[in-house]
Amino acid sequence: MPTRRRDTPPPRTANTEVDVLRGFLDYLRTSIAAKVDGAPEPAVRTAAVPSGTNLLGLLTHLTAVEGAMFLGEKVTDWQATFRPTAEDGVTDVVARYRETVDRANTVLDTCTDLGAPLPRPGRSGPAPSVRWALTHMIEETGRHAGHADILRELVDGTTGR
């Protein structure tokens, strides 16, 4: 019988569009970090599918996506973001992700107009709207959280929501 975790439930209600979007993004961020947190080595970095996808790589990738989208960090090789280094442990990767999310939320706290361009220091070219960026990050994080659900169950039988 698989071990069942008590995941944080999704947000129930909100009064504004920004509260709904940020509420769901934060719910998904919390969910994927919880799916990786505590996963055993070396299985957390072992590919369970032919594509090479693994739990630690998913969270490493999402850290890069958050950094690129909200903090203006440059990524030159997106495929490389799915490969954690040999030195990256579960605790380190989860902490780095949560710290990046905190920094991204600090940027988002300054965004009051969802239709305005997302402030992206250090990046040239047109920026997406805050609304688009939040929606994209909900899709990106949700997709990879689903992958993480399956991978974590394959790793040690732990299931979530």
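I began by fixing what a pocket is: on a 1 Å grid over the protein atoms alone, a pocket is an open set of points with protein on both sides within 12 Å along at least five of seven lines, whereas a cavity is a set of points where a 1.4 Å probe fits but cannot get out, and lining residues have an atom within 4 Å of a point. I also noted that grid points are joined across faces, edges and corners, and that a volume is the space filled by probe spheres set on the points.

The model is predicted, and in it local features need pLDDT of at least 70 and side-chain atom pairs count only at pLDDT 80 or more, while totals for chains, interfaces and linings use all residues. I number residues from 1 along each chain as its sequence is written, and side-chain values use heavy atoms, with hydrogens and water left out.

**Entry 1, second largest pocket**

I looked up the second largest pocket and found a volume of about 180 Å³. I listed its lining as Leu59, Thr60, Thr63, Ala64, Glu73, Val75, Thr76, Asp77, Ala80, Thr81, Val93 and Arg96. I then sorted this lining into 5 nonpolar, 4 polar and 3 charged residues, where Ala, Val, Leu, Ile, Met, Phe, Trp, Tyr, Cys and Pro count as nonpolar, Asp, Glu, Lys and Arg as charged, and the others, Gly among them, as polar. Helix H2 (55-71) and helix H3 (90-108) each supply at least two residues of this lining, and the largest share, 4 residues, comes from H2. Helices here are DSSP runs of H or I with at least four residues, strands are runs of E with at least two, and both are numbered from the N terminus.

**Entry 2, Thr60**

I followed Thr60 from that lining and placed it in helix H2. Thr60 counts as buried because its relative accessibility is 16%, with buried meaning under 20% relative accessible area, exposed over 50%, and partly exposed in between (1.4 Å probe, protein chains only). Leaving aside neighbours within four places in sequence, I found Thr60 in contact with Thr81, Pro84 and Val93, a contact being heavy atoms within 4.5 Å.

**Entry 3, largest pocket**

I turned next to the largest pocket, for which the volume is about 250 Å³. Its lining has 13 residues, and Ser51, Gly52, Thr53, Leu58 and Phe82 lie nearest the centre. I noted that helix H4 (residues 130-156) gives the most to this lining, with 4 residues. By class, the lining divides into 5 nonpolar, 7 polar and 1 charged.

**Entry 4, His61**

Is His61 buried or exposed? I found His61 buried, with a relative accessible area of 5%, and I placed this residue in helix H2. Apart from neighbours within four places in sequence, His61 is in contact with Trp78, Thr81, Phe82, Glu140 and His144. I recorded that Phe82 is also among the residues nearest the centre of the largest pocket, and that Thr81 is also one of the residues lining the second largest pocket.

**Entry 5, Glu41 and Pro42**

I checked the peptide bond that joins Glu41 and Pro42 and found it cis, with omega about -5°. Most peptide bonds are trans. Glu41 has its place in the loop between helix H1 (17-36) and H2, and Pro42 lies in the loop between H1 and H2 as well. Glu41 counts as partly exposed, at 41% relative accessibility. Not counting residues up to four places away in sequence, Glu41 touches Leu56, Asp88, Gly89 and Val90. I also looked up Glu41 against Leu25: the two are 16 residues apart in sequence and 28 Å apart in space, C-alpha to C-alpha.

**Entry 6, Ala127**

I located Ala127 in the loop between H3 and H4, where it is partly exposed, with a relative accessible area of 30%. Ala127 touches Pro117, Leu118 and Arg120, not counting residues up to four places away in sequence. Ala127 and Ala116 are 11 residues apart in sequence and 9.1 Å apart in space, C-alpha to C-alpha.

**Entry 7, the whole chain**

I closed with the protein chain, which has 4 helices and 0 strands and follows the pattern α-α-α-α along the sequence. Its radius of gyration is 16 Å, close to the 15 Å that the globule rule gives for 161 residues, so the chain is as compact as a globular protein of that length; the radius is taken over C-alpha atoms, and the rule is 2.2 Å times the number of residues to the power 0.38. I noted that 43% of the 161 residues count as buried.
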